[in-house]
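Work through the exercises below with the sequence and the model side by side. Try each task before reading its solution.

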Amino acid sequence: ADVLQRHGYAATTMKDIAAQVSLTAGTLYHYFANKDSLVLAVLELGMDAGIARIEPVACADVLPSTKLRRMIAAHITGLTEHPAIGAAMVFELKALAQVAPPHIEAKPKDQSEFASFVERRQQFFKRRDEFENLFLQVVKAGIAQGEFRPIDAAIYIKTLLGAQNWVGVWYRPEGRLSGATIAVRMADHLMYGVVAHS
C-alpha cells in the first residue's frame with residue numbers, strides 16, 4: 001500500500017513492492033500471481049478492517065444519530081491509522097475493475113489464475129456493497145424515526161463515504177490535527193447535513 005501510494009498503480013512494479021518488504025521479486029511471485037492479485041489483497045485487507053470496525057457500531061442498540069456519528073468517527077480514525085490503504089481504496093478500484101483477461105491463447109494456468117482473480121474481485125465488490133449498506137440502513141432508520149431529514153439516503157451515503165474515503169488521500173500524520181480530532185470534526189460536519197433541525 002505504501003509503494004502504491006508513492007508511485008501509483010501504473011508505475012509500481014512487483015520489484016518495487018518486493019524491495020519494500022525485503023523480499024526478492026521471485027519470492028513475492030510465490031505468494032501473488034501478479035500485481036493485480038497483490039493490489040486486490042491490499043484492498044481486501046482494507047475492506048475487512050473497515051467492516052470489522054463499523055459493523056459492531058452499526059449493530060449497537062442506540063439511536064441512529066448516535067450510531068451514525070460513531071460509525072463516521074470509527075471509519076475516519078481507521079483511515080488515519082492506515083492512510084496508504086485508504087488511498088488505495090480510492091485510487092486503485094478503477095484499475096482493479098479494468099484488469100483485462102489474458103489472451104485467448106494464454107496458458108491454462110494464466111486462464112485459471114484470472115478466473116480466480118475475477119471471483120475474488122466480485123467478492124470484494126460484494127463486501128464493499130455490504131460496507132456501504134451498513135451506513136445506508138442506519139440513515140434509513142434515522143429517517144423513519146424522524147431523527148434525520150427525509151433526504152435521498154442513497155445519495156447522502158455516496159456523499160458521506162466519498163468525503164470520508166478521501167481522508168486516506170490527504171491525511172498526514174505530521175499534520176496540524178490528529179486523526180481522532182479530524183474524525184470528530186468531520187462527524188460534526190457530516191451529521192449536520194442529515195439531522196432534522198427543529
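## Exercise 1: A proline in a helix

Pro 56 sits in helix 4, which covers residues 35-58. Helices (H or I, at least four residues) and strands (E, at least two) are DSSP runs, numbered from the N terminus. This is a predicted model, where local features need pLDDT of at least 70, side-chain atom pairs count only at pLDDT 80 or more, and totals for chains, interfaces and linings use all residues. Residues are numbered from 1 along each chain as its sequence is written, and side-chain values use heavy atoms, with hydrogens and water left out.

Task: decide whether Pro 56 is buried or exposed.

Solution. Start with the cut-offs: buried means under 20% relative accessible area, exposed over 50%, and partly exposed in between (1.4 Å probe, protein chains only). Pro 56 has 52% relative accessibility, so Pro 56 counts as exposed. Now look across to Lys 67. Pro 56 and Lys 67 are 11 residues apart in sequence, and their C-alpha atoms are 10.0 Å apart in space.

## Exercise 2: The whole chain

Task: state how many helices and strands the protein has.

Solution. Count the helices: 10. Count the strands: zero. Along the sequence the pattern reads α-α-α-α-α-α-α-α-α-α. Next, take the extent. The C-alpha trace spans about 65 × 40 × 25 Å along its principal axes. Then take burial. Of the 198 residues, 40% count as buried. Last, take contacts (heavy atoms within 4.5 Å). Among contacts with a separation of 6 or more, 68% come from residues 24 or more positions apart.

## Exercise 3: Two loop residues

Task: place Ser 22 and describe its phi.

Solution. Find the loop between helix 2 (14-20) and helix 3 (25-31); Ser 22 lies there. Its phi is near 60°, a positive value in a residue other than glycine. The relative accessible area of Ser 22 is 68%, so Ser 22 is exposed.

Task: find which residues Gln 145 is in contact with, leaving aside its neighbours within four places in sequence.

Solution. Gln 145 is in the loop between helix 7 (108-144) and helix 8 (153-165). With a relative accessible area of 52%, Gln 145 is exposed. Its contacts beyond those neighbours are Leu 63 and Pro 64. Leu 63 is 82 residues from Gln 145 along the chain, yet their C-alpha atoms are separated by 9.2 Å.

## Exercise 4: Helix 7 against helix 8

Task: describe how helix 7 and helix 8 pack.

Solution. Two packed helices are described by the angle between their axes and the distance between the axes. Axes are lines fitted to C-alpha atoms, for helices over the stretch in contact, and angles run from 0 to 180 degrees between N-to-C directions. Here the angle is about 130° and the axes are 10 Å apart. Angles under 35 degrees count as roughly parallel, over 145 as roughly antiparallel, 65 to 115 as roughly perpendicular and the rest as oblique. Helix 7 and helix 8 are therefore oblique to each other.

Now list residues that meet. Helix 7 brings Phe 131, Phe 135 and Ile 143, among others. Helix 8 offers residues including Tyr 156, Ile 157 and Leu 161. By class, this contact has 11 nonpolar, one polar and three charged residues. (Ala, Val, Leu, Ile, Met, Phe, Trp, Tyr, Cys and Pro count as nonpolar, Asp, Glu, Lys and Arg as charged, and the others, Gly among them, as polar.)

## Exercise 5: Salt bridges

Task: say how many salt bridges there are, and follow some of them.

Solution. Side chains of opposite charge can pair when their charged atoms come close. The rule: a side-chain nitrogen of Lys or Arg within 4 Å of a carboxyl oxygen of Asp or Glu. The count is six.

- Arg 127 pairs with Asp 48, the closest N and O atoms being 3.1 Å apart. This pair links distant parts of the chain, helix 7 and helix 4, 79 residues apart.
- Asp 188 pairs with Arg 69, with 2.6 Å between the closest N and O atoms. Asp 188 lies in helix 10 (residues 179-192) and Arg 69 in helix 5 (residues 64-81), so the pair ties together parts 119 residues apart in sequence.
- Glu 132 and Lys 158 meet at 3.1 Å, N to O. Glu 132 is in helix 7 and Lys 158 in helix 8, so this pair ties together parts 26 residues apart in sequence.

Finish with the network: salt bridges link Asp 48, Arg 127 and Glu 130.
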